[in-house]
Amino acid sequence: MTSDPTLFSGAIRREPLAARLRPRNLEELLGQDQLLGDGKPLRRAIERGEVGSMVLWGPPGTGKTSLARLFANYTDKHLELFSAVTEGVPRIRQIIAEAKERLEFEGRGTVLFCDEIHRFNKAQQDAFLPWVEDGIITLIGATTENPSFELTSALLSRLRVFVLHPLGSEDLRAILRKAIHEVNQDVESGKETIALTDDAVGLLVRYADGDARRVLNGFEALVDYVRSSTEDTSGAATADLVASVLEKRIARYDKSGEEHFNLVSALHKAVRGSDVEGALYWLARMIAGGEDVLYIARRVVRMAAEDVGLADPRALTLALAAKEAYAFLGSPEGDLAVAQAVIYLATCPKSNRVYEAWSRAMDAAARYPAEQVPMHLRNAPTALMTTLGYGKGYRYDHAEREGLAAGQTYLPAPLIDAEWYRPTDQGFEAEMAKRLARWATIRREAAADER
């Protein structure tokens with residue numbers, strides 16, 4: 001490949017590739033077959049020009065802005081692009097005023113595309129309500145965050161929600177083929193064209209993480225490097241060359257957004273499901289994405305108590321030790337301690353009976369919030385309290401047969417028959433089940449003797 005630093009500059013490079021290759025019709029829009037495949041309701045509505053207000057929810061680079069442009073084209077409405085990051089309510093009022101005039105004097109509607117709509121607060125979102133309801137504008141909001149968390153219920157009730165998925169590898173490869181064709185149109189007669197090996201294409205596709213804009217930006221960075229380099233870059237670009245050009249790949253991860261909770265959930269469920277590899281993968285994804293490892297360690301402690309419990313009492317001890325080890329060592333050395341705890345928890349026998357027992361006890365405390373402590377369970381540190389009957393009738397368990405004061409109760413009257421903790425037959429909890437069964441037998445025998 002020849003070096004020419006003037007190519008892709010000035011008048012020749014009019015727009016970034018992502019803008020130049022933006023689809024002009026539904027046939028050119030790749031991906032989202034679940035919404036736009038033949039016969040799908042949304043596709044039919046677009047083709048009929050009957051597009052209503054909606055919110056498009058999906059990761060970056062999945063076609064939200066492109067879809068909004070196509071909606072306006074198919075309905076012959078004016079498209080107004082608006083970003084909640086850089087603009088506010090005054091600009092909305094201006095757009096509404098222009099939309100009213102356009103509708104009155106031209107008979108033409110307005111599609112208002114609001115990018116990053118989740119950045120608006122409640123009052124700002126409410127500014128859309130009357131104009132959406134009156135049909136002055138067709139609002140198309142785009143968000144990477146879960147609308148049920150980020151949009152007000154009033155606005156959400158007036159919008160249809162469509163979920164966009166990350167693009168598949170075949171769609172990304174097709175986009176790359178278009179990009180290669182496009183950049184090669186800029187090559188003057190006699191110049192060599194840009195070509196990529198299969199491995200280089202595969203690397204760009206993996207780098208994109210389902211994001212069309214990202215694969216195009218990565219390819220464009222490669223083209224800029226090749227065409228401005230003084231080194232010999234003849235022949236097809238290899239994966240090694242692509243890797244040297246691309247910046248460090250950053251996993252898609254938002255420590256405060258939905259993806260944060262998705263990955264935490266995946267880690268927790270993999271541990272609960274005793275899948276070591278799955279647990280390690282989600283742990284690695286979170287750490288690679290910049291998650292606070294102490295936060296992860298705290299969640300691992302929760303897993304030990306919730307999902308292993310007394311099936312292996314050592315699990316909680318190990319999880320706490322991992323948290324302390326990380327606090328002492330930091331990253332990357334301390335990461336290994338957290339990984340060790342995750343592996344141990346994933347391979348432990350599992351029991352959620354502590355979690356269930358605690359939930360039942362909390363429910364009982366909510367239902368009976370003011371039950372008095374039985375007199376025999378109260379301490380009597382003063383003579384007056386002894387006179388009043390505090391501690392009267394209490395039997396010291398250590399002085400009883402098998403260390404159990406059979407027949408003595410430890411709950412208020414309405415809860416005497418409660419059975420909240422029900423151990424499994426897994427791990428150490430099986431031994432605990434035997435103990436509880438033995439004590440239950442002693443209590444039954446004592447009750448029979450009293451009768």
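The paragraphs below lead through a predicted model, beginning with its sheet and then turning to single residues and their surroundings.

A good place to start is the sheet, which is open and consists of 5 strands in the order β2-β3-β4-β1-β5, with parallel pairing. Strands of a sheet pair through backbone hydrogen bonds, and this pairing can be either parallel or antiparallel. In this sheet the edge positions belong to β2, residues 78–83, and to β5, residues 160–163, each of which pairs on one side only. On average, and with direction ignored, neighbouring strands of the sheet are turned by 20 degrees against each other. One of the pairings can be followed in detail: strand β3, which covers residues 110–115, and strand β4, which covers residues 137–143, are joined in the parallel sense over 6 bridges. Within this pairing, T110 stands opposite I137 of β4.

Helices also pack on this sheet. Helix α4, made of residues 64–75, touches β1 (54–57), β2, β3 and β4, and its direction makes about 175 degrees with that of β3. Helix α5, made of residues 89–105, packs on the sheet as well, where it touches β2, β3 and β4, and its direction makes about 175 degrees with that of β2. If the chain is followed onward from helix α5, it enters the loop between α5 and β3, where G107 is found. With a relative accessibility of 59%, G107 counts as exposed, because the cut-off for that class is over 50%. Although G107 and I96 are 11 residues apart along the chain, their C-alpha atoms are separated by 15 Å.

Strand β2 deserves a closer look, and E80 is one of its residues. Is E80 buried or exposed? Its relative accessibility is 13%, and E80 therefore counts as buried, since that class takes in values under 20%. The side chain of E80 is joined to that of H78 by a polar contact of 3.0 Å. When neighbours within four places in sequence are left aside, the residues in contact with E80 are R91, I95, E98, R102, T110, V111, L112 and F113. One of these, T110, is the residue already met opposite I137 in β4.

The aromatic residues offer another way to see how separate parts of the chain come together. There are 3 aromatic pairs in the model, and one of them is formed by F82 and F120, whose rings meet edge-to-face at 5.7 Å centre to centre, with 65 degrees between the planes. F82 belongs to strand β2, whereas F120 belongs to the loop between β3 and α6 (122–126), so this pair ties together parts that are 38 residues apart in sequence. F82 counts as buried at 3% relative accessibility, and F120 counts as buried at 3% too. Ring pairs link F82 and F120 with F128 into a cluster.

Rings can also lie beneath a charged group, and the model gives examples of this arrangement. R214 lies over the face of Y207, 4.6 Å from the ring centre, while the charged end of R378 sits over the ring of Y390, at 5.1 Å from its centre.

Further along the chain, T424 lies in the loop between α20 (383–387) and α21 (428–450). Despite this place in a loop, T424 is buried, with a relative accessible area of 13%. Its side chain has a polar atom 3.1 Å from the backbone nitrogen of Q426, and a polar contact of 2.8 Å joins the side chains of T424 and E429. Not counting residues up to four places away in sequence, T424 touches K350, S351, R353, E429, A430 and A433.

Finally, some features of the backbone itself are worth finding in the structure. The peptide bond from S331 to P332 is cis, with omega near 0 degrees, and P332 lies in the loop between α17 (314–329) and α18 (335–347). Q32, although it is not a glycine, has a positive phi of about 60 degrees, and it is placed in the loop between α1 (17–20) and α2 (33–36). D209 is not a glycine either, yet it has a positive phi of about 55 degrees, and its position is in the loop between α11 (198–208) and α12 (212–228). How do Q32 and D209 stand in accessibility? Q32 counts as buried at 4% relative accessibility, whereas D209, at 22%, counts as partly exposed.

Note on methods: Residues are numbered from 1 along each chain as its sequence is written. This is a predicted model: local features need pLDDT of at least 70, side-chain atom pairs count only at pLDDT 80 or more; totals for chains, interfaces and linings use all residues. Side-chain values use heavy atoms; hydrogens and water are left out. Two strands pair if DSSP finds at least two bridges between them. Helices (H or I, at least four residues) and strands (E, at least two) are DSSP runs, numbered from the N terminus. Axes are lines fitted to C-alpha atoms, for helices over the stretch in contact, and angles run from 0 to 180 degrees between N-to-C directions. Contact means heavy atoms within 4.5 Å. Rings of Phe, Tyr and Trp (its six-membered ring) pair if their centres lie within 6.5 Å; planes under 30 degrees apart count as stacked, over 60 as edge-to-face and the rest as tilted. Buried means under 20% relative accessible area, exposed over 50%, partly exposed in between (1.4 Å probe, protein chains only). A charge sits over a ring if NZ of Lys or CZ of Arg is within 6 Å of the ring centre and within 35 degrees of the ring normal. A polar contact is a pair of N or O atoms within 3.5 Å; within protein, one must be able to donate a hydrogen and the other to accept it, and residues adjacent in sequence count only if both atoms are side-chain atoms.
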